[in-house]
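Please open the model in your viewer and keep the selection panel at hand. The tour goes from one selection to the next and says what is to be found at each stop.

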Amino acid sequence: MLRRSVACLGRKTEFLKKLDLISEGMEQKRIEKKFWSQVYSDECVMKSAGQEVVGLQDIVRGMPGFHHAFDVKTNVVEVLGEEDAEKFAVHFKHSVRFVGEYGRVEPTGTTGTFEGVTIHTVDDEGKTTEIVQSIDLLSYFIQVGAISPMILSPVEKPTEMDGAGTVKLGGVKEI
């Protein structure tokens, strides 16, 4: 069997193959490091929501909690990046059924969608060395009834300050 090198196929082509593996792994709830090492480098860094996870082992360690909570179907909307670029932006949309506890949020069993963008930095083998992601989980949790939109009600401006400089709030406004 003839195996084409990355240089022959181009970095984007190899990355798109890895992206297919990511989608497959999410949908099949794959959590083993051996599988994900085809996609991510051992030193991969994942940045999301102000947090940073360093190393494939720690990235994989967090997957069981996510997979326990959600049944995911992934749709890649668009991938931006030149053929031999080192970075690719991926716009995706997940259709997700909320089936298990996620942090302190109780499951509802309902399905909703959330979108996001990931920026992948890739090496010469098409493996991701860094992921920066932005996803809209708040809208998803509201869709599936896990969080009430009422928590987003405007809060009154501070009514007074005590002697120590602490602000006292007047409470939540009725809508």
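A residue is called buried under 20% relative accessible area, exposed over 50%, and partly exposed in between. Asp-58, with a relative accessible area of 33%, is therefore partly exposed. The model shown here is a predicted one, and the stops below should be read with that in mind.

**The whole chain**

Begin with a cartoon of the whole chain, in which six helices and eight strands make up the secondary structure. Followed along the sequence, these elements come in the pattern α-α-α-β-β-α-α-β-β-β-β-α-β-β. If you colour the 175 residues by accessibility, 35% of them fall in the buried class.

**Helix α4**

Select residues 56–61, which form helix α4 and include both Asp-58 and Arg-61, three residues apart and about one turn of the helix from each other. Show the two side chains as sticks, and you will see Asp-58 and Arg-61 meet in a salt bridge, at 2.4 Å from N to O. Arg-61 has a relative accessibility of 54% and so counts as exposed, whereas Asp-58 is partly exposed at 33%.

From Asp-58, add Val-45 to the selection: the two are 13 residues apart in sequence, and their C-alpha atoms are 9.5 Å apart in space. Val-45 belongs to strand β1 and, at 17% relative accessibility, counts as buried.

**From strand β1 to strand β6**

How many salt bridges does the structure hold? There are three, and the next one to select joins the side chains of Lys-47 and Glu-130, with an N to O distance of 3.0 Å. Lys-47 is in strand β1 (residues 40–48) and Glu-130 in strand β6, so this pair ties together parts that lie 83 residues apart in sequence. Lys-47 itself is partly exposed, its relative accessible area being 29%.

Before leaving this part of the chain, step to Ala-49, which sits in the loop between β1 and β2 (51–54). Check its backbone torsions: Ala-49 has a positive phi of about 50°, although it is not a glycine. With a relative accessible area of 73%, Ala-49 is exposed.

Now select strand β6 itself, residues 128–135, in which Val-132 is found. Switch to a surface view and add Val-117 and Ile-119, since these two and Val-132 form a nonpolar surface patch, with about 190 Å² of accessible area together. Val-132 has a relative accessible area of 33% and is partly exposed.

**Strands β3 and β4**

The next selection is the pair Asp-71 and Arg-97, which form a salt bridge whose closest N and O atoms are 3.3 Å apart. Asp-71 lies in strand β3 (residues 70–80) and Arg-97 in strand β4 (residues 87–98), so the bridge ties together parts that are 26 residues apart in sequence. Both partners count as partly exposed, Asp-71 at 27% relative accessibility and Arg-97 at 38%.

Is Phe-98 buried or exposed? Phe-98, which is also placed in strand β4, is buried, with a relative accessible area of 0%. Add Gly-109 to the selection and draw a distance between the C-alpha atoms: Phe-98 and Gly-109, eleven residues apart along the chain, are separated by 5.1 Å.

**Helix α3**

Move back towards the N terminus and select residues 33–36, helix α3, where Phe-35 has its place. At 4% relative accessibility, Phe-35 counts as buried. Leu-21 is 14 residues from Phe-35 in sequence, and the C-alpha to C-alpha distance between them is 8.7 Å.

**The largest pocket**

For the last stop, turn from the atoms to the space between them. Rolling a probe the size of a water molecule over the atoms shows where empty space is left. The largest pocket found in this model has a volume of about 930 Å³. To centre the view on the pocket, select Met-26, Met-46, Phe-66, Gln-133 and Ile-135, which lie nearest its centre among the 33 residues that line it. Which classes of residue make up the lining? Coloured by class, the lining of the largest pocket shows 19 nonpolar, twelve polar and two charged residues.

Technical notes:
Residues numbered from 1 in each chain as written. Predicted model: local features only at pLDDT ≥ 70, side-chain atom pairs only at ≥ 80, totals over all residues. Heavy atoms only, no water. Patch = residues over 30% accessible without salt bridge, like charges linked within 9 Å, V, L, I, M, F, W, Y side chains within 5 Å. Areas by Shrake-Rupley, 256 points an atom, 1.4 Å probe, with all protein chains shown as cover. Salt bridge = Lys/Arg side-chain N within 4 Å of Asp/Glu carboxyl O. Helix = DSSP H or I, 4+ residues; strand = E, 2+ residues; numbered from the N terminus. Buried < 20%, exposed > 50% of the residue type's maximum accessible area, 1.4 Å probe, protein only. 1 Å grid on protein atoms, 1.4 Å probe; cavity = no way out; pocket = protein on both sides within 12 Å on 5 of 7 lines; lining within 4 Å. Points joined across faces, edges and corners; volume = space filled by probe spheres on them. Nonpolar A, V, L, I, M, F, W, Y, C, P; charged D, E, K, R; others polar.
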